[in-house]
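Let's go through this one together, asking at each step what earns a label its name. Have a look at the sequence and the model first.

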Amino acid sequence: NKTLRDLKLYSYVINNTLTPVAWIDKKGKIYKTNKAYLDLLGYTEEELLELNILAIDGEDYGKMWDAHW
């Protein structure tokens with residue numbers, strides 16, 4: 001079905017793009033990242049999923065986080 005094909009295509013593109021991508025909730029919990037994001041930060045996926053985005057770069061993210069959400 002077209003929806004499933006589209007979802008697979010979007011997933012492939014996000015996972016293989018050179019642009020770092022992360023899925024983060026409004027509390028800063030990281031749910032999923034792509035390889036580029038892991039490479040940028042130097043974490044394994046398991047390590048990163050245990051962290052909150054504010055713990056990684058609280059100063060920069062903290063300034064924009066409240067305004068974004």
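**What the labels rest on**

Lys35 counts as exposed, at 54% relative accessibility.

Before the questions, a word on the source: this is a predicted model, where local features need pLDDT of at least 70, side-chain atom pairs count only at pLDDT 80 or more, and totals for chains, interfaces and linings use all residues. Residues are numbered from 1 along each chain as its sequence is written, and side-chain values use heavy atoms, with hydrogens and water left out.

Q: Why is Lys35 called exposed?
A: The label follows from relative accessible area: under 20% is buried, over 50% is exposed, and in between is partly exposed (1.4 Å probe, protein chains only). Lys35 has 54% relative accessibility, so it counts as exposed. Lys35 is placed in helix α2.

Q: What makes a stretch of chain a helix or a strand, and how many of each are there?
A: Both are DSSP runs numbered from the N terminus: H or I over at least four residues for a helix, E over at least two for a strand. The chain has 4 helices and 2 strands, and along the sequence they follow the pattern α-β-β-α-α-α.

Q: What makes Lys35 and Asp39 a salt bridge?
A: A salt bridge needs a side-chain nitrogen of Lys or Arg within 4 Å of a carboxyl oxygen of Asp or Glu. The closest N and O atoms of Lys35 and Asp39 are 2.8 Å apart, so the pair fits the rule. Both residues lie in helix α2, 4 residues apart, about one turn of the helix. Asp39 is exposed, as is Lys35.

Q: Why is the link between Lys35 and Asp39 also called a polar contact?
A: A polar contact is a pair of N or O atoms within 3.5 Å; within protein, one must be able to donate a hydrogen and the other to accept it, and residues adjacent in sequence count only if both atoms are side-chain atoms. The side chains of Lys35 and Asp39 are joined at 2.8 Å.

Q: How many salt bridges are there, and which other side chains meet in one?
A: The count comes to 3. In helix α1 (residues 2–16), Asp6 and Lys2 lie 4 residues apart, about one turn of the helix, and their side chains meet at 2.8 Å, N to O. Glu45 and Lys32 meet at 3.6 Å, N to O. Glu45 lies in helix α3 (residues 45–49) and Lys32 in strand β2, so this pair ties together parts that are 13 residues apart in sequence.

Q: Are Glu45 and Lys32 buried, exposed or partly exposed?
A: Glu45 has 27% relative accessibility, so it is partly exposed. Lys32 has a relative accessible area of 34%, so it is partly exposed too.

Q: How do you know that Thr33 is buried?
A: Its relative accessible area is 3%, so Thr33 is buried. Thr33 sits in strand β2 (residues 30–33). Leaving out residues up to four places away in sequence, it touches Asn15, Val21, Ala22, Trp23, Leu38, Glu45 and Leu48, where contact means heavy atoms within 4.5 Å.

Q: What makes Asn34 a buried residue, and what does its side chain reach?
A: Asn34 has 1% relative accessibility, so it counts as buried. Its side chain reaches the backbone oxygen of Ile14 at 2.9 Å. Asn34 lies in the loop between β2 and α2 (35–41).

Q: Which residues form the largest nonpolar core, and what makes them one?
A: They are Ile30, Tyr37, Leu38, Leu48 and Ile53. A nonpolar core is a set of buried Ala, Val, Leu, Ile, Met, Phe, Trp, Tyr and Cys residues joined through side-chain atoms within 4.5 Å. Leu48 touches Ile30, Tyr37 and Leu38, among others.

Q: Why is Leu51 called partly exposed?
A: Its relative accessible area is 27%, so Leu51 is partly exposed. Leu51 is found in the loop between α3 and α4 (53–68). Its contacts include Ile30 and Ile56.

Q: What makes the charge of Lys29 sit over the ring of Tyr31?
A: The rule asks for NZ of Lys or CZ of Arg within 6 Å of the ring centre and within 35 degrees of the ring normal. The charged end of Lys29 sits over the Tyr31 ring, 4.9 Å from its centre.
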